[in-house]
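Please examine the fold, the core and selected residues of the protein shown here. Which features can be read from its coordinates?

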Amino acid sequence: LNKQNVSKSYWFHIETYVHVSLKRNNLLLYNTYTGRTLEYDGEAHGKILRLIRRLQSPKNLWMVRLREEELRDPEISGFVEKVRQEFMGDLTDTALSEGKPAQMVPIVTIQRRVERLKKEAHRSVGEGMMQYLTEVSIHVNSRCPQQCHLCCNAYRQFSHCTTEKSGPKSDNGELNIEKIRNLFSQLEACSLVNINILGGDVFGYSQLEALVENLDRHPAPRTVFTHYKNVSQREKQLALLNPEVTRVKVMIPFPIDWEHLKAAVDTLNRTGHTAFCMFIVKGEEELAAAEQAVESLQIENPGIQPYYDGANLEFFRECVFSQREDILEAKPQLKDIYMNSEVNEIDFGRIIVYSNGGLYANANGERLGILGKNSLYDVLYKEMYHGKSWRRTRKRIEPCKSCTFELLCPPLTNYSRAIGRNDLCFKYELNERKQ
Ligand code: SF4
Ligand code: SF4
C-alpha cells in the first residue's frame with residue numbers, strides 16, 4: 001500500500017483520575033483534580049455514548065484507537081476537544097508508539113478482599129476485623145427524668161439518647177457494669193477514634209465511677225451525650241470526667257427553657273468542661289432561635305442537627321438535601337469515590353450497644369448480637385460479611401443506582417430511612433415526577 005493512502009489514527013485515552021459514570025443514556029465525566037464535569041444526557045449523544053462503552057471495555061483499559069475519519073465527525077471531535085480542554089484525556093498519534101500504550105487502572109480492594117477471602121477456606125474474612133472498628137456508642141442506661149417528644153425517633157436519625165431498648169428491670173434499665181468491663185476488654189484490640197457514652201440520663205448511671213475507670217483504661221477520646229436539662233446540679237458526676245479527653249455534647253431540642261440552658265452552660269464551664277451545644281431543629285424559626293441563643297449565651301462550639309418529625313419535609317428540602325453545587329464543591333477525590341462504591345462511610349466501623357445489651361451497626365438495622373453472648377469479633381464479622389449497614393451504598397439502591405452521581409453523593413444517612421427516600425437531593429422532584 002502506498003503510505004500516503006493510509007489514514008492516520010490516534011490513541012484516545014481517558015485519564016485514570018477521571019471518574020466516568022454511564023447510566024443508560026446519561027454520561028458524566030468528573031475530573032477528581034479540578035472538580036469539573038462534562039455531562040451528556042439522552043440518546044442524542046449516541047456516538048459519544050458508544051465511544052465511552054468502547055473505552056469502558058476491560059480489554060481497552062480506557063484507551064482506544066480513533067481513526068482520522070472518526071475524528072472528522074463533529075460529535076466525536078467536539079467531545080474529544082472538550083475532554084482535552086478539561087484535562088480529562090488526550091490524543092496521541094499511533095505512529096509514536098510501537099504497540100498500544102498501557103494504562104494502570106486502579107481497582108477497589110475492599111470488595112476484592114471480602115470476595116477473595118470468602119473463597120479461601122483457610123483464611124477468615126475476619127482477619128484484622130477488629131481494626132475496622134473505629135467508634136463505639138454505648139447507651140449505659142435508659143432511665144431519664146425528661147419526657148422529650150423526640151425520644152423514640154431522634155436516636156434513629158443521629159446519635160442521641162433514648163429510653164428505648166431498655167435494660168432489664170432487675171438492672172434498673174441499666175447496662176450492667178460487668179458487661180461494660182467485658183466490652184472494654186474486647187476493645188483493647190481496637191484502634192478506636194472515639195467512644196460515645198449515651199443514656200437515658202448518663203449522669204444518672206449508678207456505676208458512673210466504674211464506667212469512667214474503664215474509659216480511662218482506653219486511650220480513645222470520648223463524647224458524653226446529655227440533654228441540657230440533665231446537666232445542672234451534676235457537678236459531682238462531671239468532676240469524674242477528665243475534660244482533656246472528654247467532650248460533653250449537650251443536646252438541645254425545642255422548645256428551649258433558656259434558664260435551664262444557661263444553668264447547664266454555667267455548670268459545664270464551672271467544672272472545666274466546654275459545652276458542645278447541639279441544637280436540634282425542625283425548621284427555619286428554630287434555626288434562627290438557635291443562632292440567637294448562640295450569640296446571647298456566647299456559646300463557643302455550637303452545632304445544628306436537623307430533626308425530621310414527619311411534617312417538615314420542606315425544611316429538609318431547603319436545608320438538608322444535597323444540591324448539585326454542594327456535591328461538586330465538596331470535590332470528592334478518587335479515594336472518596338472508591339469508598340462510596342464499597343462502604344457507607346457514615347456507618348462503617350461503628351457499633352452501637354444499647355442498655356439491653358443489643359449490638360447494632362445502625363440504630364435502624366437488625367440486631368447483630370447481644371453483649372455477653374456474642375463476641376464483638378463475631379458481630380463485626382457478621383456485619384462485614386452480610387453488610388446491611390456498613391456496606392449500605394447507593395450503588396445497591398434505587399433510584400441512586402441508576403444515577404450518574406451515585407458515587408459522588410455523600411453516603412446514605414438515617415434521614416433517608418426516616419423520610420423513606422434515598423434521593424434527598426436535587427433530583428428529588430425529577431424522580432418524583434417519574435414515579
Ligand atoms: S433526654 Fe433523651 S432519653 Fe431523656 S427523654 Fe429526652 S430524648 Fe429521651
Ligand atoms: S442522591 Fe441518589 S438520586 Fe440523588 S443525585 Fe445522588 S445518586 Fe443521584
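The questions below concern a predicted model and proceed from the whole chain to single residues.

Q: How many helices and strands are there in the protein chain?
A: The model is a predicted one, and its C-alpha atoms fill a box of roughly 95 × 55 × 40 Å along the principal axes. Within the protein chain, the secondary structure comprises 16 helices and 15 strands.

Q: What percentage of the 435 residues in the protein chain is buried?
A: The protein chain exposes about 21800 Å², of which carbon and sulfur atoms supply 48%. Among contacts with a separation of 6 or more, 72% come from residues 24 or more positions apart. Of the 435 residues, the buried share is 50%.

Q: Is strand 9 largely enclosed or not, and how many of its six residues are buried?
A: Strand 9 spans residues 222-227. Arg222, Val224 and Thr226 point one way, Thr223, Phe225 and His227 point the other way, and all are buried. Strand 9 is therefore largely enclosed by the rest of the structure, the number of buried residues being six of the six.

Q: In which sense do strand 9 and strand 10 pair, and over how many bridges?
A: Strand 10 covers residues 246-253. Opposite Arg222 of strand 9 stands Thr246 in strand 10. The two strands pair in the parallel sense, over six bridges.

Q: Which residue in strand 9 is the bridge partner of Ile195?
A: Strand 8, residues 194-198, pairs with strand 9 in the parallel sense over three bridges. These two strands and helix 7 (residues 208-217) make a right-handed β-α-β unit. The residue of strand 9 that bridges to Ile195 is Arg222.

Q: Which strand gives the most residues to the largest nonpolar core?
A: The largest nonpolar core has 80 residues, and those with the most contacts inside it include Leu133, Ile138, Leu187 and Phe279. With six residues, the strand that gives the most to this core is strand 11 (residues 275-281).

Q: How many residues are in the second, separate core?
A: Among the members of this second core are Tyr17, Val18, Leu29 and Phe79. It is separate from the core just described, and its size is 26 residues.

Q: Is His19 buried or exposed?
A: His19 has its place in strand 2, residues 18-23. Neighbours within four places in sequence aside, His19 is in contact with Leu28, Leu29, Tyr30, Ile337, Leu407 and Leu408. Because its relative accessibility is 9%, below the 20% limit, His19 counts as buried.

Q: What distance separates the C-alpha atoms of Asn25 and Ile370?
A: Asn25 lies in the loop between strand 2 and strand 3, and at 25% relative accessibility it counts as partly exposed. Beyond four places in sequence, Asn25 touches Tyr40, Asp41, Gly42, Glu43, Leu49 and Arg53. Ile370 is 345 residues from Asn25 along the chain, and their C-alpha atoms are separated by 47 Å.

Q: How far from Cys152 is the nearest cysteine sulfur?
A: A search of the whole structure finds zero disulfides. A disulfide requires two cysteine sulfur atoms within 2.5 Å. Cys152 is in no disulfide, and the nearest cysteine sulfur, that of Cys151, lies at 5.2 Å.

Q: Is Cys190 buried or exposed?
A: Cys152, at 38% relative accessibility, counts as partly exposed. For Cys190 the relative accessibility is 8%. Since the limit for burial is under 20%, Cys190 counts as buried.

Note on methods. Residues are numbered from 1 along each chain as its sequence is written. Chains are lettered from A and ligands numbered from 1 in the order in which they are written. This is a predicted model: local features need pLDDT of at least 70, side-chain atom pairs count only at pLDDT 80 or more; totals for chains, interfaces and linings use all residues. Side-chain values use heavy atoms; hydrogens and water are left out. Buried means under 20% relative accessible area, exposed over 50%, partly exposed in between (1.4 Å probe, protein chains only). Helices (H or I, at least four residues) and strands (E, at least two) are DSSP runs, numbered from the N terminus. Two strands pair if DSSP finds at least two bridges between them. A crossover is right-handed if, with the strands pointing away from the viewer, the path from the first strand over the helix to the second runs clockwise. A nonpolar core is a set of buried Ala, Val, Leu, Ile, Met, Phe, Trp, Tyr and Cys residues joined through side-chain atoms within 4.5 Å. Contact means heavy atoms within 4.5 Å. Accessible areas come from the Shrake-Rupley method with a 1.4 Å probe; for residues, only the protein chains shown count as cover.
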